[in-house]
Amino acid sequence: MHRFIPNIEADKEIMKEAVGVKSVDDLFDDIPQEMRLNRALNIGSSLSELELQQHMKELSLKNKGTNELTCFLGAGAYDHYIPSIVKHLAMRSEFYTAYTPYQPEISQGTLQVIFEYQTMICNLTGMDVTNASMYDGPTACSEAAVMASDATRRRSVVVSKTVAPEVRKVLKSYLKLRNIEVIEVDAFDGTTDIEKLKNVVNKDTAGVIIQSPNFFGIIEDVTEVERITHQHKGNLIMYVDPISLGILKKPSELGADIVVGEGQSLGNQLNYGGPYLGFLAASSKLVRKMPGRIVGQSEDVDGKRGFVLTLQAREQHIRRYKATSNICSNQGLNALMASIYLITMGKKGLKEVATLATKKAHYTFNELTKKGKYKAVFNKPFFKEFIVTSDIEADKVNKELLRNNILGGYKIEKDYKELKNGLLICVTEKRSKEEIDRLVGIMEVL
Amino acid sequence: MKEYNQLIFETSREGRRAYSLPECDVEVAPVDELLPLEFLSKEEPYLPEVSEVDIVRHFTLLSSKNYGLDTGFYPLGSCTMKYNPKINEDMASLSGFTTLHPYQPKETTQGALEVMYNLDKMLSEISGMAKMSLQPAAGAHGELAGLMIIKAYHESKGDTKRTKIIVPDSAHGTNPATAAVAGFEVVEVKSDEAGGVDIEGLKAVLNDEIAGLMLTNPSTLGLFEKNIKLISDLIHEAGGLLYYDGANMNAIMGICRPADMGFDVIHFNLHKTFSTPHGGGGPGSGPIGVREDLVQFLPVPVVDKENDKYYLNYDLPNSIGKIKGFYGHFGVLVRAYSYILSMGSEGLREVSETAVLNANYLMNKLKSHYKVAVDKTCMHEFILSGLKEKTLEVTTLDIAKRLLDYGYHPPTIYFPLIVDGAIMIEPTETESLETLNGFIDIMIKIAEEAKKEPKLLKEAPYNTPLRRMDEVKAAREMILKWSE
């Protein structure tokens with residue numbers, strides 16, 4: 001008798017009698033004997049709650065996270081501040097133990113949260129429409145590329161090499177399946193090489209993918225990219241950091257047709273890489289090409305305002321193999337956390353977070369490059385991340401930092417061989433002057 | 001409690017705030033000097049301005065308009081809405097797990113990697129497969145990864161003709177959608193009267209263009225596919241692979257294993273079988289497992305161990321590549337791992353036995369008033385085809401809506417598509433006899449109401465925060481965000 005199974009033997013007897021079987025085994029008669037396991041699964045015996053707690057605590061203590069280590073690591077997952085209320089409200093079990101809101105009469109909580117989430121993502125990006133969230137940034141970007149291909153009936157997508165390597169890898173896996181060609185454009189001095197871009201964008205280009213701030217932390221000037229893309233009637237797909245939108249121009253102002261990104265920064269824990277949420281927003285002409293769930297406003301028979309899943313004719317449970325995507329799940333709980341975060345910060349707070357991160361990143365950059373041991377690789381405007389290089393191997397720097405309980409930068413050489421000894425350093429609003437000075441101090445004496 | 005019907009934007013007042021941040025403690029130029037003006041936005045993004053207590057009340061009141069598993073019985077067929085143990089939430093929120101950056105050096109993440117390694121071993125044992133990838137974000141994502149592997153397998157043998165995937169007409173919508181997304185042509189095969197694969201129909205579509213067959217077993221009708229050995233032999237003889245959709249795994253844990261049935265690739269839904277909460281639509285988690293010779297194709301990275309140290313292994317030259325950022329929904333994996341440890345081998349078997357007993361009990365008790373789609377012993381779920389005494393007026397939708405008035409989440413309706421007016425009921429093992437009896441009483445009461453007062457059902461629900469919604473209006477007007 002397991003604690004998560006309420007029915008005791010006496011209950012089971014009543015039920016067996018009602019069903020007309022002597023033994024539960026009789027219910028499994030359809031399973032051929034030769035196919036049965038006929039032994040216990042080799043996964044151990046049940047643990048009590050106390051034993052489980054002890055085991056898990058031991059495992060968790062084998063890790064060192066951002067509570068123990070001062071984090072200067074970013075590269076796609078960010079150590080931003082999470083207000084306390086995010087956890088408290090997201091842990092209301094009426095939210096997290098509910099299924100997809102297929103019964104709107106008893107799912108208005110989830111549905112309204114998504115409607116508010118959609119509103120805020122549209123406001124941040126300046127786009128007309130968005131969906132109820134995607135698995136993560138990289139898959140959202142891949143789905144955006146597919147959307148662009150479907151909308152233009154073209155089979156080629158251009159992506160800048162300044163887009164995060166993780167995003168490009170997923171993009172390639174996804175687009176290969178659909179026989180959509182992926183053309184990568186080199187970087188020049190830390191941003192997308194416009195001359196090279198010009199050479200590859202043509203009448204077969206479904207979309208051009210640009211990340212800004214890009215993987216190096218640099219804010220891309222997309223004016224030319226936009227012109228070239230639209231000249232050939234392709235879609236401009238922008239991959240953005242939602243926190244940066246507290247101060248940077250909205251992608252809509254820059255002419256983006258589809259905006260995607262990783263929403264983890266918005267109130268979601270680092271969690272060793274997931275679950276996070278991707279967002280995908282677009283101009284209204286693309287709404288019927290969008291994957292995933294969308295919530296719309298309506299009213300009930302008494303005329304009361306309410307919300308429902310809408311435009312479902314795009315989706316797999318209706319369209320089956322003709323659906324825009326095979327996606328069924330969204331990241332409902334993560335979108336809830338992102339919503340609570342955005343509401344808590346409000347328009348002033350998000351701007352302040354973005355401002356603090358910018359200032360602290362620039363202070364760190366100034367301090368690190370002051371004495372000449374570490375040099376700037378690019379001389380371009382950056383947001384909260386930047387690359388420095390030196391004569392010392394990145395691994396060696398990081399090792400020394402780790403010895404001092406600091407999580408150093410991302411070893412950029414892993415993905416960009418030409419950036420030898422480069423470290424991509426991230427500074428969020430959480431880092432204090434004291435922590436930054438300590439980082440600089442340790443790196444200087446190496 | 002008084003009714004609450006406000007959007008957060010409607011409660012916003014300029015100047016209110018809920019956040020606090022430290023003063024800037026570094027000396028540096030202002031942002032408009034650090035960054036070129038042409039990059040900066042002239043206005044703040046429009047977000048609401050509200051106080052902390054406003055936010056807490058807003059979300060608390062919204063949550064009270066939601067029906068979760070913790071609210072009551074949730075017999076949503078094919079979704080395995082079992083109780084989500086609270087201890088799993090505690091384990092997943094240990095700071096040693098939640099504060100890990102995905103790019104940290106492995107020396108600092110040994111505990112997390114050990115969780116993943118152990119979970120891989122457990123899921124491999126439960127399925128009979130050689131190795132898992134924990135990367136897929138959800139069931140449909142697992143299906144996609146699985147079909148990519150099937151594609152890679154055939155390509156590795158130079159067999160490029162195999163462009164078709166067989167999907168039964170009873171399958172989940174994600175199966176054909178995934179096959180299409182993965183670049184395959186979908187070949188539908190009919191079901192026989194008992195909801196199994198029609199063997200003659202299957203034989204007729206088998207040829208050297210078939211890459212594989214996607215199947216759930218138990219089937220979507222809640223019945224064990226007795227011909228599975230034959231189906232497996234037929235597919236393999238034709239050179240195809242057999243894909244297992246793990247949606248219905250809750251029926252057979254510790255009793256039989258997909259690998260032993262002849263399946264080559266499988267995905268699990270941790271958010272179904274392994275008790276991780278559905279989160280109002282996600283996050284899910286859909287690990288995939290494969291037989292030995294297919295391990296080389298798994299998405300990178302996989303978790304491996306060398307000299308007692310765990311690491312992320314990217315060195316799989318024939319891998320299908322990366323299909324997701326980082327390594328999967330780690331937070332969900334911690335919950336599933338905790339669950340399996342809590343259950344143990346005996347517990348998991350008891351889960352399946354009890355889930356099947358509960359389903360059969362419900363089916364037998366409802367037979368008097370509802371038509372059972374296939375009247376034979378079911379597995380963990382069963383399908384009703386509407387009322388036994390059909391009325392022209394009352395539809396399956398009406399029955400579902402009336403259930404809302406009595407405080408139940410309705411079963412899955414109109415799925416599988418092959419059953420007229422389908423009502424798909426999956427009680428799971430975590431419901432007591434009293435809960436099942438309460439539901440039976442109400443289902444019978446509704447059947448009586450359908451006879452005597454059909455109008456009552458047509459206009460239901462009455463007692464919910466909102467009544468029947470106008471979905472046509474939503475699609476027509478397309479109000480997808482709030483504006484002033």
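**Notes on a predicted two-chain model**

1. In strand β13(B), the residue that serves as bridge partner of Ile413(B) is Ile423(B). This pair belongs to the contact between β12(B) and strand β13 (residues 422–425) of chain B, two strands that run antiparallel and are joined by two bridges. The model described here is a predicted one, and every point below should be read with that in mind.

2. The sheet around that pair is an open one of four strands in chain B, with antiparallel pairing and the order β10-β11-β13-β12. Which strands stand at its edges? They are β10 (370–372) and β12 (412–413) of chain B, and because each has a single partner strand, one side of each is left without a neighbour in the sheet. Helix α11(B) packs on this sheet, where it touches β10, β11 (382–387) and β13 of chain B, and the direction of the helix makes about 20° with that of β11(B).

3. A UniProt annotation covers part of this region: the unreviewed entry places the feature "domain: Glycine dehydrogenase C-terminal" at residues 352–452 of chain B. Over residues 352–452, the chain is 45% helix and 15% strand, and the C-alpha atoms at the two ends are 39 Å apart.

4. The contact between the two chains draws on 165 residues from chain B and 168 residues from chain A. On the side of chain B that touches chain A, the largest share comes from helix α11 (residues 330–366) of chain B, which supplies 23 residues. Sorted by class, that side of chain B has 88 nonpolar, 50 polar and 27 charged residues. Helix α11(B) therefore deserves attention twice, since the helix that packs on the four-strand sheet also gives the largest share of the chain B side of the contact.

5. Elsewhere in chain B, the unreviewed UniProt entry places the feature "modified residue: N6-(pyridoxal phosphate)lysine" at Lys272(B). Lys272(B) is found in the loop between β6 (265–267) and β7 (288–290) of chain B. Is Lys272(B) buried or exposed? Lys272(B) counts as buried because 24 other C-beta atoms lie within 10 Å, where the cut-off for a buried residue is 20 or more. Leaving aside residues up to four places away in sequence, Lys272(B) touches Cys79(B), Thr80(B), Ala247(B) and Asn250(B).

6. Strand β2 (residues 164–168) of chain B is mostly covered, with four of its five residues buried. Its pairing with strand β3 (residues 185–189) of chain B is in the parallel sense and runs over five bridges. Within this pairing, Ile165(B) stands opposite Val186(B) in β3(B).

7. Turning to chain A, the secondary structure comes to 13 helices and 17 strands, and the C-alpha trace spans about 85 × 55 × 50 Å along its principal axes. Of the 446 residues in chain A, 62% are buried. Among contacts between residues at least 6 apart in the sequence of chain A, 72% join residues at least 24 apart.

8. How is chain A divided by the domain assignment? The assignment gives domain 1 (70–81 + 347–444) and domain 2 (84–340), and the centres of these two domains, taken over C-alpha atoms, are separated by 28 Å. The contact between them takes 24 residues from domain 1 of chain A and 20 residues from domain 2 of chain A. On the domain 1 side, the elements that give two or more residues are α11 (332–370) and β14 (385–389) of chain A, and α11(A) gives the most, with seven residues. By class, this side has 14 nonpolar, four polar and six charged residues.

9. Chain A also holds an open sheet of seven strands with mixed pairing, in the order β2-β10-β9-β8-β7-β3-β4. Its edge strands are β2 (129–130) and β4 (181–185) of chain A, each of which pairs on one side only. Strand β9 (residues 258–262) of chain A runs antiparallel to strand β10 (residues 278–282) of chain A, and five bridges join the two; here Glu262(A) stands opposite Gly278(A) in β10(A). Helix α6 (residues 137–152) of chain A packs on the sheet, touching β3 (156–160), β7 (205–212), β8 (235–240), β9 and β10 of chain A, and the direction of the helix makes about 165° with that of β9(A).

How values were computed. Residues are numbered from 1 along each chain as its sequence is written. Chains are lettered from A and ligands numbered from 1 in the order in which they are written. This is a predicted model: local features need pLDDT of at least 70, side-chain atom pairs count only at pLDDT 80 or more; totals for chains, interfaces and linings use all residues. UniProt positions are given in the numbering used here, feature names are shortened, and annotations may be inferred rather than shown by experiment. Two residues are in contact if their C-beta atoms, placed from the backbone, lie within 7 Å. Ala, Val, Leu, Ile, Met, Phe, Trp, Tyr, Cys and Pro count as nonpolar, Asp, Glu, Lys and Arg as charged, and the others, Gly among them, as polar. A residue is buried if 20 or more other C-beta atoms lie within 10 Å of its own, exposed if 12 or fewer, and partly exposed in between; C-beta atoms are placed from the backbone. Domain bounds come from an automatic or database domain assignment. Two strands pair if DSSP finds at least two bridges between them. Axes are lines fitted to C-alpha atoms, for helices over the stretch in contact, and angles run from 0 to 180 degrees between N-to-C directions.
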